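Please open the model in your viewer and keep the sequence panel beside it, since each stop on this tour begins with a selection to make.

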Amino acid sequence: MADASLPSARTADLRSSTLVGVLIGIAIMAAVDEIVFHQLLAWHHFYDRSTPSVALLSDGLLHAAELIILVGGFFWFADLRRRRALSTRLAWGGFLLGAGGFQVFDGVVDHKVLRLHQIRYGVHLLPYDVVWIASGAVLLLAGAAVVWWARSRRPGDGRRGR
């Protein structure tokens with residue numbers, strides 16, 4: 001006799017598939033920012049308005065938060081996949097939404113509103129800001145398009161949730 005708690009047919013959890021992608025996208029973009037711009041290029045720290053020790057501590061806290069979100073996101077991803085409730089298309093769309101959302105939030109809120117740090121110091125900021133925020137907006141638009149496309153597939157067309 002089949003276990004009633006397990007789905008008999010593949011039914012994707014659309015909301016969770018999207019949200020898990022968002023979490024992983026945020027974590028990956030935070031890691032790229034941390035590794036490339038904070039460590040390799042040394043253009044800024046997460047919080048540059050204090051001492052070098054505080055700046056280094058802020059980078060460590062950002063890195064710890066990003067790793068916690070990444071690990072949690074992948075556990076959630078694995079659980080959805082194990083239960084055959086994962087829509088990979090929606091997860092990819094969510095990933096792009098999360099990555100773009102992180103980048104736009106960082107560029108607008110962290111850089112301009114709160115002024116926690118700038119992308120770079122000692123240069124004219126406008127080109128850097130435009131590229132940073134516009135590339136995040138492109139990722140957001142791409143993610144929204146993928147999510148819209150994946151959700152618009154009819155349930156009976158054999159393509160939904162793949």
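The tour goes from a helix to one of its residues, then to a pocket, and ends in the loops.

Bear in mind throughout that this is a predicted model. Begin by selecting helix H2, residues 52–82, and place a distance between its two end C-alpha atoms, which are 45 Å apart. At 1.5 Å a residue, the 31 residues of H2 should span 45 Å, so the distance in the model agrees with the expected one.

With H2 still selected, colour Ala55, Ser58, Asp59, Leu62, Glu66, Leu70, Gly73 and Leu80, which are the buried residues of this helix. Add H1, residues 14–40, to the view, and you will find that the buried residues of H2 pack against H1.

Next, centre on serine 58, which lies in helix H2. Its relative accessible area is 9%, and because buried means under 20%, serine 58 counts as buried. Follow its side chain to the backbone oxygen of alanine 55, which it reaches at 2.7 Å. Leaving aside residues up to four places away in sequence, serine 58 touches His45, Phe46 and Tyr47, so show those three as sticks as well.

Which residues line the largest pocket? Select Val20, Gly21, Ile24, Ile28, Phe74, Phe77, Thr88, Ala91, Trp92 and Phe95, and you have its lining. Helices H1, H2 and H3 (88–113) are the elements that each give two or more residues to this lining. The volume of the pocket is about 190 Å³, and its lining residues divide into 8 nonpolar and 2 polar, with no charged residue among them.

Finally, turn to the backbone and list the phi angles. Most residues other than glycine have a negative phi, which gives a reason to look at the following exceptions. Alanine 42, in the loop between H1 and H2, has a positive phi of about 55° although it is not a glycine. With a relative accessible area of 57%, alanine 42 is exposed. After the end of H2, select arginine 84, whose phi is also positive, near 55°.

The last selection is arginine 115, found in the loop between H3 and helix H4 (126–152). Arginine 115 is not a glycine either, and its phi is positive, at about 55°. Is this residue buried, partly exposed or exposed? At 46% relative accessibility, arginine 115 counts as partly exposed.

Definitions and conventions. Residues numbered from 1 in each chain as written. Predicted model: local features only at pLDDT ≥ 70, side-chain atom pairs only at ≥ 80, totals over all residues. Heavy atoms only, no water. 1 Å grid on protein atoms, 1.4 Å probe; cavity = no way out; pocket = protein on both sides within 12 Å on 5 of 7 lines; lining within 4 Å. Points joined across faces, edges and corners; volume = space filled by probe spheres on them. Helix = DSSP H or I, 4+ residues; strand = E, 2+ residues; numbered from the N terminus. Nonpolar A, V, L, I, M, F, W, Y, C, P; charged D, E, K, R; others polar. Expected span 1.5 Å × (residues − 1). Buried < 20%, exposed > 50% of the residue type's maximum accessible area, 1.4 Å probe, protein only. Contact = heavy atoms within 4.5 Å. Polar contact = N/O pair within 3.5 Å; in protein donor to acceptor, adjacent residues only side chain to side chain.
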